[in-house]
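Reader: I'd like to learn how to read a strand in its sheet. Could you walk me through a case, step by step?

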Amino acid sequence: MQVILHIGAHCTDEDRIVSTLMRNDELLAEHGSMAPSPTVYRNFLRETLFAMSKASGPRVSRSEVLREILGDKTTARLILSNQNFICQPPRIFDGGEFYRLASKRLTDLSQLFEGDELELYLSIRNPATFLSDVYGKIEGKTFEAFLNGVDPLSIKWSDVIYRIRESAPNMPINVWCNEDLPLLWGHLVRDMAGLPYGVRMKGGFAILREIMSQEGMLRFRNYLAQNPPKNEVHMRRVIAAFLDKYAMDDAIEEEITTPGLSETLLVQMTEAYEEDLYEIERIPGVNFLTP
């Protein structure tokens, strides 16, 4: 069985992907895939992974895991999504390291689904905006306490991916920038579900509707009806052209007000992030998705 693990990161698609997959449950079933409701497995897997980290109690078998998630159903491709698979937001800098728990959690998940083909999906984003949004979800901590001694300029997604690669050397890893999600949305949802290009899905333009004007969406759909894109690259070019003209500024602009993140620091973090993307592209076994 193929097991697709969508691990976030935090403050990226905010469950839009798994919600869209669930809306297309019949279509997925026709292609041998299943995206169960997160309510079925999130608490169960969280408690199981926590027990494994503490070595408290007997190890849960693969059959027990599948019985809890699937019941009496079967599937060739199981899609699990949880931005907290690795850790809760307050623990992102646990131990003074960015997503320190990532490698351990992926090792544990590999053990839970031993014998299955695991594939990882990870969305990353500019630390300049990521820090601000994630800190907004945390209560009872100062920004300095949240960072736990980590220099914002030292935050590199490539470090996290390298550690995951080391702990799961044979697991395919798919990575994309959350900033590119509107252009990659259709491809990502179909790819996770194992669907070929051209298959129509409910919510196939969910992200575009959030950031494009009503007039733009109407013109976009009319254009597609008259000029069906031949492939994924063509579709992205069409989307980019319409976003360039009809994107709503208030829907794509991000305001950062977190104390401790000066304008100068934000610029430096953005530059470091852009350099880090080049490093990620060179990591063996990583499929870095770009528009």
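Author: Gladly! Please keep in mind that this model is predicted. Let's begin with β4: 7 of its 8 residues are buried, so this strand is largely enclosed by the rest of the structure.

Reader: In what order do the strands of the open sheet come?

Author: The sheet is built from 6 strands, and its order is β2-β3-β1-β4-β5-β6, with parallel pairing. The edge strands, which pair on one side only, are β2 (33–34) and β6 (286–289).

Reader: How many bridges join β1 to β4?

Author: Strand β1 (residues 2–6) runs parallel to β4, and 5 bridges join them. For a single position to look at, take His6, which stands opposite Tyr121 in β4.

Reader: And which residue of β5 does Tyr121 stand opposite?

Author: That is Asn174. The strands involved are β4 (residues 117–124) and β5 (residues 173–177), which run parallel and are joined by 5 bridges. You can follow the register further along: Ser123 has Trp176 of β5 as its bridge partner, and Ile124 has Cys177.

Reader: Now the next step across the sheet. How many bridges pair β5 with β6?

Author: There are 4 bridges between β5 and β6, again in the parallel sense. One to find on screen is Trp176, whose bridge partner in β6 is Leu289. Trp176 is also the β5 partner of Ser123, which makes this residue a handy one to follow across the strands.

Reader: How should I think about the two faces of a strand?

Author: The general idea is that side chains in a regular strand alternate between the two faces of the sheet. In this structure, β5 has Ile173, Val175 and Cys177 on one side, and Asn174 and Trp176 on the other.

Reader: Are those two faces of β5 covered or open?

Author: Both are covered, and the residues on either side are all buried. The count for the strand agrees: 5 of its 5 residues are buried. Buried here means under 20% relative accessible area.

Reader: Let's finish at the surface. Which residues form the positive patch?

Author: That patch is formed by Arg23, Arg200, Lys202, Arg209 and Arg221. To place one of them, look for Lys202 in the loop between α9 (181–193) and α10 (206–211).

Technical notes
Residues are numbered from 1 along each chain as its sequence is written. This is a predicted model: local features need pLDDT of at least 70, side-chain atom pairs count only at pLDDT 80 or more; totals for chains, interfaces and linings use all residues. Side-chain values use heavy atoms; hydrogens and water are left out. Patches are made of residues with over 30% relative accessible area and no salt bridge: like charges are joined within 9 Å, nonpolar side chains (Val, Leu, Ile, Met, Phe, Trp, Tyr) within 5 Å. Accessible areas come from the Shrake-Rupley method with a 1.4 Å probe; for residues, only the protein chains shown count as cover. A salt bridge is a side-chain nitrogen of Lys or Arg within 4 Å of a carboxyl oxygen of Asp or Glu. Lys and Arg count as positive and Asp and Glu as negative; His and the chain ends are not counted. The place of a charge is taken as NZ of Lys, CZ of Arg, CG of Asp or CD of Glu. Two strands pair if DSSP finds at least two bridges between them. Buried means under 20% relative accessible area, exposed over 50%, partly exposed in between (1.4 Å probe, protein chains only).
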